[in-house]
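Thanks for asking me to look at this model with you. My notes are set out below as numbered points, so you can follow them with the structure open beside you.

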Amino acid sequence: MGLSDDFLWGGATAANQAEGGVLAGGRGLSNVDLLPTGPDRVKVAAGELEMLEWQEDSFYPAQTAIDMYHHYMEDIALFAEMGFNVYRMSLSWSRIFPNGNDEAPNEEGLLFYEKIFKELRKHQIEPLVTIAHFDVPLHLIKEFGGWKNRRLIDFYVTYAETVFQRYRGLVKYWLTINEINILLHQPFVGGGIVFKEGDNRQEIKYQAAHHQLVASALATQKAHEIDPTNQVGCMLAGGSHYPYTCRPEDYQEAINRDREGYFFIDVQARGKYPNYALKKFEREDLTIKITPEDEAILAASPVDFVSFSYYCSRTVSAHPEDYAQATGNLFPSIKNEHLPSTEWGWQIDPLGLRNSLNQLYDRYQKPLFIVENGLGAIDTPDENGFVADDYRIDYLKKHIQAFKDAVTIDGVELLGYTTWGCIDLVAASTGQMSKRYGFIYVDRDDQGNGTLKRTKKKSFEWYKKVIASNGEVL
């Protein structure tokens, strides 16, 4: 037995990393538009350095990205040629509500996405739409302080309800908030939060998380009311933690670190706060305002499926100072000598994907969806502009085999697979174009130079065969 006949194959992008056109069509500015390249990026993303205006001496890659705003017809045609039957993309909140809380939506923004969805439908491609993918309108940050303010729940729900109504019949697969656990690691990216001196950062992050969880549940409820055929998922930055040794305290550390992310999905998939989270708040003296009404909302609207990104596993110890650290990843990890690494230090672990699928399915007993997986690498085109990216094919082949094993051997229920950055785009972690993921090469460099010409890589034809054979030909 292989994958089901209705298995969804495709690729994924995000508006802030692909779209560009940041001031086109009435769009307002968003937090990710203010992420520069260079050393300040990490501090801005973490909410440690306030940068709420463009600085003349900084480069902001999201301003143009790969200009999908003007190239989407061409790009969708290439996705269709590969055989996609699903395309994961995100909406720009500030393209639809330029300030995030406008009285009426921006019709030009709504129409832009309507055209995209109709073009996808023309090619029999199912849109999988993320409502907020590292995206908080700048006005909501300046005026309300981002997601730490409870007011954002209503603004988000109004936005979600607007798109559910407008795109009824065009979109049925939705994700509420991308990689919701990133809020704990990059609060400005995940929640539009800038810290001030003396802030209780842990309390602010978990209060913002609570607001996002309530907003996600309300959006899920609205989606089902507006169209009962809607399927709504949550989204985790995934990847299991391994204990570095078999010392019991290392194993305990791995459990604790897994729970950091599972906490969000426990609430979204099960409808209530897990006891370990409530004990954490108590132990760390965090006062999180959770009303009985909030608890009722969370209980009433769990998600239909659980989606996640997977790039690598992580290795942890109760004594991390004793070991060499892996580089490049947002989540701290000890270097695992049993695994190779990418050029950015992310450790390559296909079996870890199968393990993660089993852990998530055992835990939630809901359908799963791998919505990001891919290899960031430096691609060097030949004299004809062609990239022979056998290293990417090798990476994806092993990961596809791993999730096939999870389905066919372990019995995991998997809806689909969308590779990250199916077309080259701006890397979220570094802002670089040179960290490429796509099957399609885009002529643009880290400084924003290039023609934006699209060229198929070797992996394009390979993935086309994989999809045509429903994963049988790898």
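1. Let's start with strand 4 (residues 173-177), which runs parallel to strand 5 and is joined to it by three bridges. One place to look is L175, whose bridge partner in strand 5 is G233. Please keep in mind as you read that this is a predicted model.

2. Strand 5 (residues 231-237) has a partner in strand 7 as well: five bridges join these two, and they run parallel. Along this pairing, C234 stands opposite V306 in strand 7, and A237 has S309 as its bridge partner there. Strand 5 is mostly covered, with six of its seven residues buried.

3. How many of the residues of strand 7 (residues 305-309) are buried? Five of the five are, so the strand is largely enclosed by the rest of the structure. If you look along the strand, F305, S307 and S309 point one way, while V306 and F308 point the other way. Residues on both sides are buried.

4. Moving on from strand 7, you reach strand 9 (residues 368-372), which runs parallel to strand 7 and is connected to it by four bridges. Here F308 has I370 as its bridge partner, and S309 is matched with E372 in strand 9. S309 is worth a second glance, since it is also the bridge partner of A237.

5. Now for the wider picture: what do these strands belong to? They are part of a closed barrel of eight strands, in the order 1-2-3-4-5-7-9-10, with parallel pairing. Neighbouring strands of this sheet are turned against each other by 25° on average, direction ignored.

6. The largest nonpolar core has 146 residues. Within this core, the residues with the most contacts are F117, Y156, F403 and Y463. Which helix gives the most to this core? That is helix 9 (residues 201-226), with 12 residues. Apart from the largest core lies another one of nine residues, including V86, F305, F369 and V371. You will recognise F305 from strand 7, where it points the same way as S307 and S309.

7. Y463 deserves a closer look. Leaving out residues up to four places away in sequence, Y463 touches W9, G10, M82, F84, I400, Y417, T419 and F439. The contact with I400 leads to a helix pair, because both residues sit in the stretch where helix 14 meets helix 15.8. The axes of helix 14 (residues 390-408) and helix 15 (residues 458-468) come within 9 Å and cross at roughly 25°. That makes the two helices roughly parallel. Helix 14 passes helix 15 in a right-handed crossing. On the helix 14 side, the residues that meet helix 15 are D390, R392, I393, L396, K397 and I400. Their counterparts in helix 15 are K458, S459, W462, Y463 and V466.

9. Another residue of helix 14 to inspect is H399. Is H399 buried or exposed? At 0% relative accessibility, H399 counts as buried. Setting aside residues up to four places away in sequence, H399 touches Y310, I348, D349, P350, L353 and N373.

10. A second helix pair is formed by helix 10 (residues 248-270) and helix 13 (residues 350-364), which pack at an angle of about 40° with their axes 11 Å apart. The two are therefore oblique to each other. Helix 10 passes helix 13 in a right-handed crossing. The contact is made by D258, Y262, I265, D266, A269 and R270 of helix 10, together with Q359, L360, R363 and Y364 of helix 13.

11. Finally, a loop residue: L184 is found between strand 4 and helix 8 (187-191). Its relative accessible area is 10%, so L184 is buried. Which residues is L184 in contact with, leaving aside its neighbours within four places in sequence? They are K205, Y206, E260 and F264. As for distances, L184 and K435 are 251 residues apart in sequence and 24 Å apart in space, C-alpha to C-alpha.

Methods. Residues numbered from 1 in each chain as written. Predicted model: local features only at pLDDT ≥ 70, side-chain atom pairs only at ≥ 80, totals over all residues. Heavy atoms only, no water. Core = buried A, V, L, I, M, F, W, Y, C linked by side-chain atoms within 4.5 Å. Buried < 20%, exposed > 50% of the residue type's maximum accessible area, 1.4 Å probe, protein only. Contact = heavy atoms within 4.5 Å. Pairing = 2+ DSSP bridges. Axes fitted to C-alpha atoms, helices over the stretch in contact; angles between N-to-C directions. Parallel < 35°, antiparallel > 145°, perpendicular 65-115°, else oblique. Left-handed = near helix turned anticlockwise from the far one by under 90°.
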